[in-house]
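Here is a short set of exercises to work through with the model open beside you. Try each task before you read its solution.

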Amino acid sequence: MEKTILYKVQKVAKGALPLSLLTLLPLFSSCNDFLDIQPQNEVVLENFWKEKADAASVLTSCYESLESNDALNRMVAWGELRSDNMKAGTSTPNDLNEILKESLLPSNPYCNWGKFYECINRCNTVCHYAPQLQKIDPNYTEAEMKANVAEATTLRALAYFYLIRTFRDVPYCTTPSIDDTQNYILPATSFDVVLDTLINDLESIKDDAVRRYYVDDSPNAWQNSCKVTRWAVYALLADLYLWKGDWDRAIQYCDLVIDYKRQQYEEMLQLKGNLNNIALIDSIPMILEKPVGQTVCGNAYNEIFGEGNSFESIFELVFLSSQSVKNDMVSKFYGNDRTPQGNLSASDILFKDVAQGSNTLFKKTDGRAYEGGELSGARYIISKYVRTRVSYRTNPAPSTEKDLNLSQSLRAESDAFANWIIYRLSDMLLIKAEALIERGQGDDFDKAFALIDVVNKRANDAVNGTRSSTLKKSDYIDSKAAMEELLLDERQREFLFEGKRWYDLVRVARRDGKNTRLVNLVTRKYQENVNALKIKLADPNIIYFPYAKSELKVNPLLKQNPAFTNGEDTELTR
């Protein structure tokens, strides 16, 4: 019976076939018994979508598409590898090396977008069938149906958001593929049209999303951040409006989430009396690096990345030891207890000589430098997500790495259950800060600096009178360029290796109308052929990935990114 249900979900959700070169076909191999019994689409649909549990099954499969390692690998490959954060690690596969060296070709498997279109089609299926199901199942209320559609719409928007940030223009469709005779050979829709459509879609469902699934003192409260809530919708809307350049709306949605976190903090205080691990930092409730009464730092890392589903979490992809799906990406790309060095390593510019006080990105008291990576041999290995627990001392400020008294626990190779965070409270603070800087009205710079300072203070344990802020407002406040640089630096410090840096640089390049800042930042990590790389990266089209060779074969309406029409794949481009 379990195989039958799985097949029904996959068969109904098979719309990615033309877009992804039949990527779902291998999934059918375990379902031959059901194929032999009921091979026709109309028979499957006739027996499915009869009760609300069917909607839940397909909705679960939407999350599973994004939680697949194919999708997770691309979230990192697309969002980090080309940035100044990443270098090759040990035994780095050629397909990753090609991206790291800016030798990207349409034949690279990381140009394949199959899992994201699989997610999109499954979401399309929920949006199409859930309203019909609600009319025939009296136990499926209208509110439940609308909440399910809101979840699916949000996950679909997230998948498309990844695609347009990576490829710019992509085929766009909201009709589910439920019949092999349907034609899904589509031309690419422009970045701006898709972006506006995603915003409109989320605006139409935002009030239907669940506020929270469990109260904060429930043992199941962790599920509030591993499923789409209204706050996840708001967070995604804030990000989309930031990319659109609608500063007021981006600020509005950030404020809604920040205010909710304040409310949640007050509720927790009422329940528990006091909290030693969370405190207000300039009116923003944040998890403390050093809890009240303790002498070592690392608590914020442990709760946010080690345990997951923290107070600050808004939406993350969850991996449970009780389930078969694992996050092998962290172990493969970043490392584990048996192989601390993964396929990827950190750029030297990030962590070199932090404790000595000569690093240009991190102050010597900034815990994110010690939590994110460490020197191992000739490379800086990536530790974020790999460590389950960490503790260290930054008071007094260290002068060498030994002064930290760093202790850690690494995630076991078999313990591949690190959650992957999509949005957390720091995102809202820094998205709002960026929107304020770009709006630049009245005291916007002061407000933006205050938000950036909150994030920075927590990381440097500059709270509760332990030390003063490491940032001086007078260094930045009189210049928009200086504020933009501060914001970019803080985002880099805060979101290291979380799949966001390259997208930040692409957003800046789009806003600037040229790649100058992107080029200057990215090429810092290279030691050879720097001038040639600067010339190559100056092309406004090069900041996006090419369409996969396989997609060009199956979809004659796709026109290859002109930055990739030369080389071994010329005959396949149009």
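**Exercise 1. A hairpin**

Task: Find how many residues lie between β8 and β9, and which residue in the turn has a positive phi.

Solution: Bear in mind throughout that you are looking at a predicted model. Step one is the turn: two residues separate β8 from β9 in this hairpin, and Gly377 there has a positive phi of about 70°. Step two is the pairing: β8 covers residues 373-376 and β9 covers residues 379-382, and the two strands run antiparallel with four bridges. Step three is a single bridge to look up: Leu375 has Tyr380 in β9 as its bridge partner.

**Exercise 2. The span of a helix**

Task: Work out what span helix α5 (residues 52-67) should have at 1.5 Å a residue, and set it beside the distance between its end C-alpha atoms.

Solution: Start with the length, which is 16 residues. The expected span is 1.5 Å times one less than the number of residues, so α5 should span 22 Å. The end C-alpha atoms are 23 Å apart, which agrees. While you are there, colour the helix by burial: the buried residues of α5 include Asp54, Val58, Cys62, Tyr63 and Glu67.

**Exercise 3. Two ring pairs that share Phe167**

Task: Classify the pairs that Phe167 makes with Trp78 and with Tyr547.

Solution: The whole structure holds 29 aromatic pairs. Take Trp78 and Phe167 to begin with: their ring centres are 5.4 Å apart and their planes meet at 85°; planes over 60 degrees apart count as edge-to-face, so that is the class of this pair. Trp78 belongs to helix α6 (residues 69-79) and Phe167 to helix α9 (residues 142-167), so the contact ties together parts 89 residues apart in sequence. Trp78 and Phe167 are both buried.

Now turn to Phe167 and Tyr547. Their centres are 6.4 Å apart and their planes are at 20°, so this pair is stacked. Distant parts of the chain are linked here, with Phe167 in helix α9 and Tyr547 in the loop between α22 (530-537) and α23 (549-554), 380 residues apart. Tyr547 is buried, as is Phe167.

To finish, widen the view: ring pairs join these residues into a cluster whose members include Trp78, Trp113, Tyr162, Phe167, Tyr503 and Tyr547.

**Exercise 4. Arg165, rings and a cavity**

Task: Which rings does the charged end of Arg165 sit over, and which residues lie nearest the centre of the largest cavity?

Solution: Begin with the rings. The charged end of Arg165 is over the ring of Phe161, 3.8 Å from its centre. It also sits over the ring of Tyr162, at 4.7 Å from that centre.

Then look at the empty space. There are six cavities of 30 Å³ or more, and the largest has a volume of about 170 Å³. Its lining has 18 residues, with Arg165, Asp239, Ile422, Tyr423 and Lys500 nearest the centre. Elements giving two or more residues to this lining are α9, α11 (230-244), β12 (420-424), α17 (425-439) and α20 (501-512). The largest share, four residues, comes from β12.

**Exercise 5. The second largest pocket**

Task: Which element gives the largest share of the lining of the second largest pocket?

Solution: The volume of this pocket is about 470 Å³. Its lining counts 27 residues, and Asp216, Gln264, Asn309, Ser310 and Phe311 lie nearest the centre. Both α12 (247-272) and β6 (313-317) supply at least two lining residues. The largest share is that of α12, with seven residues.

Terms used:
Residues numbered from 1 in each chain as written. Predicted model: local features only at pLDDT ≥ 70, side-chain atom pairs only at ≥ 80, totals over all residues. Heavy atoms only, no water. Phe/Tyr/Trp six-rings, centres within 6.5 Å; stacked < 30°, edge-to-face > 60°. Buried < 20%, exposed > 50% of the residue type's maximum accessible area, 1.4 Å probe, protein only. Lys NZ or Arg CZ within 6 Å of the ring centre and 35° of its normal. Pairing = 2+ DSSP bridges. 1 Å grid on protein atoms, 1.4 Å probe; cavity = no way out; pocket = protein on both sides within 12 Å on 5 of 7 lines; lining within 4 Å. Points joined across faces, edges and corners; volume = space filled by probe spheres on them.
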